[in-house]
Amino acid sequence: MSTVEMYPGAEDTEVLRRDVATGCRIAGHRGLCEDILGHISVRSEDSLLIRCRGPRESGLIFTEITDVRRASYEGGLMEKAAGFSVPNEIHIHTEILKVRSDVQAVFHAHPPAIVALDLAGLELLPVVGAYNIPASRMAAKGIPLYSRSVLVNTPALGAEVAEVLGDSPACVMRGHGLVTVGRTVAEAVSRALSLNSLARMMLRSASAGRVPAALPAQDLAQLPDLGAGFNDAHLWRFETAALRAMGLDLAD
Ligand SMILES: [Zn+2]
């Protein structure tokens, strides 16, 4: 972890905790998890802040800031409190953060469409263009697949996932879910939303009787990177406004 990229506002851990909790609520609200399974982490100083499970666990959509607690890279809970524990799969986060100095935030959940697409024998392909440019740009480079359907509850298994992820922004986990990474929580969540949207579109097309093919290279080459301001910041504002409209936003 030599040159670690800085996260905007990283000196203020309250900002990071709020981002993690909000990201979890967005994941719950937008169907990236069905109920209680999933977590987000962010690098902070020489440890990480991760969504833990507390005595009043109610699922990602109801994550509170106090659910986001500091843990060590060995996977131990540092901010201990009665009834709180780190997620079983904390090693997905710790092992990725150990080897990806460009990554500040890790998202992991079990999006049904991502799992269903892989179980149907299909892989995420760049089948759409301007409909969702970030999704197709990621898919065009290939989304790696972790083919074991195990609970990633040891450092060795976490290291396996990190190795399959490589330098990619995302990794599909067979019979399990999805990992995305980013320079911010917003980027990691936005990547998960984009890939979930692509998976849903491919499933809908396949259900209508046709497995869509990848776009021609010449169209793919003309899909621009719209940048973090567009892909992440605008989306984050929309998603947090949607939470607020539903009465699901965090209290100030
Ligand atoms: Zn999992």
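Start by selecting helix H3, residues 112-119: Ala113, Ile114, Leu117 and Asp118 are buried there. Buried means 20 or more other C-beta atoms within 10 Å of the residue's own, exposed means 12 or fewer, and partly exposed is in between, with C-beta atoms placed from the backbone. Helices (H or I, at least four residues) and strands (E, at least two) are DSSP runs, numbered from the N terminus. Now look down the axis of H3: its buried residues fall within an arc of 130 degrees, so they line one face of the helix. That arc is taken over the directions from the helix axis to the C-beta atoms. The spacing fits a general rule: an α-helix has 3.6 residues a turn, so residues three or four places apart point the same way.

A word on what you have loaded: this is a predicted model, where local features need pLDDT of at least 70, side-chain atom pairs count only at pLDDT 80 or more, and totals for chains, interfaces and linings use all residues. Residue numbers run from 1 along each chain as its sequence is written.

Next, show what H3 leans on. Its buried residues pack against E5, E6, E7 and helix H6 (185-207). Contact here means C-beta atoms, placed from the backbone, within 7 Å. Just past H3, click Gly121, which has a positive phi near 85 degrees.

**The sheet**

Switch to cartoon and pick out the strands. There is an open sheet of 7 strands with mixed pairing, in the order E3-E2-E1-E4-E7-E6-E5. Strands E3 (68-71) and E5 (145-146) are the edges, each pairing on one side only. Pairing requires that DSSP finds at least two bridges between the strands. Add helix H5 (residues 155-165), which packs on the sheet and touches E5, strand E6 (170-173) and E7; its direction makes about 125 degrees with that of E6. For that angle, axes are lines fitted to C-alpha atoms, for helices over the stretch in contact, and angles run from 0 to 180 degrees between N-to-C directions.

Zoom in on strand E4, residues 105-109. Strand E7 (residues 177-182) runs antiparallel to E4, joined to it by 5 bridges. Ala105 has Gly182 as its bridge partner in E7, and Ala109 stands opposite Leu178. Strand E1 (residues 38-44) also pairs with E4 in the antiparallel sense, over 5 bridges; there, Ile40 is partnered with Phe107.

How many of E4's residues are buried? The count is 5 of 5. Colour Ala105, Phe107 and Ala109 for one side, then Val106 and His108 for the other, and you'll see both faces covered.

**The core**

Which residues touch the most other members of the largest nonpolar core? Select Val106, Val179 and Leu195, out of 58 residues in that core. Such a core is a set of buried Ala, Val, Leu, Ile, Met, Phe, Trp, Tyr and Cys residues joined through C-beta atoms within 7 Å. H6 gives the most to this core, with 10 residues. Leaving aside residues up to four places away in sequence, the contacts of Val179 include Ile92, Val106, Phe107, Val161 and Met173.

**Out to the surface**

Finish at Met246, in the segment after helix H8 (228-245). Is Met246 buried or exposed? Exposed, with 11 other C-beta atoms within 10 Å. Draw a C-alpha to C-alpha distance to His29: the two are 217 residues apart in sequence and 9.3 Å apart in space.

Zoom out, and you have 8 helices and 7 strands, with 41% of the 252 residues buried.

Definitions and conventions:
Contact = placed C-beta atoms within 7 Å.
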